[in-house]
Amino acid sequence: RSVCGVISCRRAHLRLCLERLKGTVPLRPAAGRHTTLSLLTRAKLHIKKLEDSDRKAVHQIEQLQREQRHLKRQLEKLGVERMRMDSVGSAVSSEHSDSDRGETPPKPCSGWSRT
């Protein structure tokens, strides 16, 4: 292969890559023609913006995961507390429940009449 053929092949590949980059990187609509330098500068800024956005998203995910763990612990604590309250409440209600012990409530006195 000749040196000129290799160089023109590389240039064609570079042009193709720059065209693909133009389609990927958000460009300013005001400028009609973009230089290679401006395109690469915009691409670099876009990459930094994406990395920053990614860092923020990861931070938010970690924060939400911490909050979720905290809320799960609170829910478990409330569940245990509710079970304890239910068991205390059922013990109290069974002590006061006559039907649970097979007893019948006292009958009204026969000397009293309702009018």
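Here is a chat about a predicted model, with the Biologist asking and the Modeller answering.

Biologist: Let's start with the overall fold: how many helices and strands does the secondary structure of the protein come to?
Modeller: One of the helices is α2, which spans residues 36-96. As for the total, strands come to zero and helices come to two.

Biologist: What share of the residues in the protein is buried?
Modeller: Buried here means under 20% relative accessible area. The protein has 115 residues, and the buried part of them comes to 5%.

Biologist: And how much of the accessible surface belongs to carbon and sulfur atoms?
Modeller: The accessible surface of the protein comes to about 10,900 Å². The part that belongs to carbon and sulfur atoms is 58%.

Biologist: On to charges: how many salt bridges does a search of the whole structure find?
Modeller: Side chains of opposite charge can pair when their charged atoms come close. One such pair here is Arg 82 with Asp 86. Searching the whole structure gives a count of four.

Biologist: How far apart are N and O in the salt bridge of Asp 52 and Arg 55?
Modeller: Asp 52 and Arg 55 are three residues apart in helix α2, so about one helical turn separates them. Asp 52 is partly exposed at 33% relative accessible area, while Arg 55 counts as exposed at 54%. Their side chains meet in a salt bridge with an N to O distance of 3.8 Å.

Biologist: Which Lys forms a salt bridge with Asp 52?
Modeller: Look four residues away, about one turn of helix α2. The partner there has 55% relative accessibility, so it counts as exposed. The closest N and O atoms are 3.6 Å apart, and the residue is Lys 56.

Biologist: What N to O distance goes with the salt bridge of Arg 82 and Asp 86?
Modeller: Arg 82 and Asp 86 sit four residues apart in helix α2, so they are separated by about one helical turn. Arg 82 is exposed, with a relative accessible area of 60%, and Asp 86 counts as partly exposed at 44%. The N to O distance is 4.0 Å.

Biologist: Which residues do salt bridges that share partners join into one network?
Modeller: Asp 52 meets Arg 55 in one salt bridge and forms another with Lys 56. With partners shared like that, the network is made of Asp 52, Arg 55 and Lys 56.

Biologist: Which residues form the positive surface patch?
Modeller: Patch residues need over 30% relative accessible area and no salt bridge. Arg 66, in helix α2, clears that area cut-off because its relative accessible area is 42%. The patch is formed by Arg 66, Arg 69, Arg 73 and Lys 77.

Biologist: What does the count of disulfides come to?
Modeller: A disulfide needs a pair of cysteine sulfur atoms within 2.5 Å. Among the cysteines, Cys 9 is partly exposed with a relative accessible area of 41%, and Cys 17 counts as partly exposed at 29%. By that rule the count is zero.

Biologist: Last one: how far apart are the C-alpha atoms of Leu 45 and Val 25?
Modeller: Leu 45 has its place in helix α2 and counts as partly exposed at 47% relative accessibility. Val 25 is 20 residues from Leu 45 along the chain. The separation of their C-alpha atoms is 9.4 Å.

Notes. Residues are numbered from 1 along each chain as its sequence is written. This is a predicted model: local features need pLDDT of at least 70, side-chain atom pairs count only at pLDDT 80 or more; totals for chains, interfaces and linings use all residues. Side-chain values use heavy atoms; hydrogens and water are left out. Patches are made of residues with over 30% relative accessible area and no salt bridge: like charges are joined within 9 Å, nonpolar side chains (Val, Leu, Ile, Met, Phe, Trp, Tyr) within 5 Å. Accessible areas come from the Shrake-Rupley method with a 1.4 Å probe; for residues, only the protein chains shown count as cover. Lys and Arg count as positive and Asp and Glu as negative; His and the chain ends are not counted. The place of a charge is taken as NZ of Lys, CZ of Arg, CG of Asp or CD of Glu. Buried means under 20% relative accessible area, exposed over 50%, partly exposed in between (1.4 Å probe, protein chains only).
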